Amino acid sequence: MALVPLTDKDLAQRVVRGDGEAFNLLVGRWEQKLFSYCLRLTGDREDAFDVCQDTFVKAYEQIGQLQNHDKFSHWLFKIARNFCISHYREKRKFPRQEPDAQADDAAGLENLLSEDLQVRIDNAQRFEPAELRLIVERALEHLSFEQRETVVLKVFEGLKFTEIAEIANCPVSTVKSRLYLGLSELKKFLSGNERGAS
Amino acid sequence: MNCERSRELFADYLGEELARGEAQQLQLHLKTCQGCRQELSLLANTKATLKQALPEVAIPQHLSFNFSKPQPQGWFQWLRQPRYATLVAFTACFVICVASLALFRAQLEMRNGDFRISFGDQPGPTTTVSKERDTSFPASATREEVQAAIQQAVQRFQEDQESRTQQELRKLKFEVEANRHNDMKQVARGFKFLEETQSLVWKEAAKNSSYLDTIARDLFVKTSSTQQ
């Protein structure tokens, strides 16, 4: 007899009935994707992990209000998105202090790169992975939150435009526009034709 | 297709959601438009760079939540609620006090504003009554005195019986009188009804006789006319 894997809907319904282990299964299923999403939006591992935890706690508290259990993952991303927005606003309110240039190699590299972040895309292959990661992370920080979110959900998470529109609570045309503008900004920033918006 | 329309389709292309027909149209345009081709190429390259630069980072620690099972809610759980705690405490104290007093056979007494409490067996009111009887019939009473007392008691009993009998008789007499009165009323009503009936019979007889007279007269008139 073949075992049929439980869908998110089945697990969510079990959670509503009080099955805590079902929720842990959902957590195990989505924690990695959610963490990656949060990391790319916040740009910080600790913040991403905190947001991840808060998201799952809130999801457990409010799963009774979820009407369509099929869309559990979208709903989860939506909660995480709200936490990331709060985080983004706090970060703008209290900007992160740049680390001391002598603190460590990574910080030094970041400072070095911040002086000249106009990198030609053609030269991307020549950079070390760590360098390239810092460059792209810095480039992503120059996007608006909505553009960054759209780029992350589309490029990294591979969601459809309709799914992104549902998470971001906006029309599909807006999502397409944000993706195009976001990639154009990144292209400008990375190719060095002109400095990205700051 | 012009450049403006083709750039509208760039997002669909980059999002890998371009329909087949639109893809063909875009392809045709890109063959002829170097600017759009270069633009789309750079955007696709940017996308590839992003994916290459930011590989998926493993979550530092797997999340797991502990769900303790809820405590079974027994009927006595409401006792634990703070609002009932004082009430429960007072009730428990009261029960303990009463039980202690009962256990040590305490006697509570309030006399002239003086509160007294004593423990152990105390003579009850029954004993007092027996004492009173002892006073009325002292152990030293003579036979004559006892006989006289018995005679008095018998006399009292007889008097009592007599008075009760008199009462019963009076009661019965009154009932008999009431019944006789009712019977008389019934008889009077019967006579009255008889009189009325008799008068009706007489009236009807008089009417009948007058009718008979009329009929006889008519017959007489008719027969005499026919003879003539």
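Student: Where is B:His29 found in chain B?

Tutor: This model is predicted, so keep that in mind throughout. B:His29 is found in helix H3 of chain B, which covers residues 20-32.

Student: Is B:His29 buried or exposed?

Tutor: Look at the relative accessible area. Under 20% means buried. B:His29 has 8%, so B:His29 is buried.

Student: Which residues does B:His29 touch, beyond those up to four places away in sequence?

Tutor: Leave out those sequence neighbours, and five names remain on the list: B:Met1, B:Asn2, B:Cys3, B:Ser6 and B:Cys36.

Student: Two of those names are cysteines, B:Cys3 and B:Cys36. How many disulfides are there over all chains?

Tutor: General idea first. A disulfide is a covalent bond between the sulfur atoms of two cysteines. The test here is a sulfur pair within 2.5 Å. The count over all chains is 0.

Student: Why does A:Cys84 have no such bond?

Tutor: Check the distance. The closest cysteine sulfur to that of A:Cys84 belongs to A:Cys38, and it lies 4.3 Å away, so it is too far for a bond. A:Cys84 is also buried, at 2% relative accessible area.

Student: And B:Cys36? How far away is the nearest cysteine sulfur?

Tutor: The nearest is that of B:Cys33, at 3.5 Å, and B:Cys36 is in no disulfide. B:Cys36 has a relative accessible area of 0%, so B:Cys36 is buried.

Student: Now the two chains. How do I read the area buried between chain B and chain A?

Tutor: The size of an interface is often given as the accessible area lost when the parts come together. Between chain B and chain A, about 3500 Å² is buried. Carbon and sulfur atoms give 69% of that area.

Student: How many residues does each chain bring to the contact?

Tutor: Chain B brings 31 residues, and chain A brings 42 residues.

Student: How many salt bridges are there between chain B and chain A?

Tutor: There are 3 salt bridges. One of them is worth finding in the structure. A:Lys176 pairs with B:Asp12, and their closest N and O atoms are 2.9 Å apart. Polar contacts are counted too: 11 residue pairs, with both residues at pLDDT 80 or more.

Student: Which helices of chain B each supply at least two residues of the side that touches chain A?

Tutor: Helix H2 (10-14) and helix H4 (34-53) do. H4(B) gives the most to that side, with 11 residues.

Student: What is that side of chain B made of, by class?

Tutor: The side of chain B that touches chain A has 16 nonpolar, 8 polar and 7 charged residues.

Terms used. Residues numbered from 1 in each chain as written. Chains lettered and ligands numbered in written order. Predicted model: local features only at pLDDT ≥ 70, side-chain atom pairs only at ≥ 80, totals over all residues. Heavy atoms only, no water. Helix = DSSP H or I, 4+ residues; strand = E, 2+ residues; numbered from the N terminus. Buried < 20%, exposed > 50% of the residue type's maximum accessible area, 1.4 Å probe, protein only. Contact = heavy atoms within 4.5 Å. Buried area = accessible area lost by both parts, 1.4 Å probe. Salt bridge = Lys/Arg side-chain N within 4 Å of Asp/Glu carboxyl O. Polar contact = N/O pair within 3.5 Å; in protein donor to acceptor, adjacent residues only side chain to side chain. Nonpolar A, V, L, I, M, F, W, Y, C, P; charged D, E, K, R; others polar.
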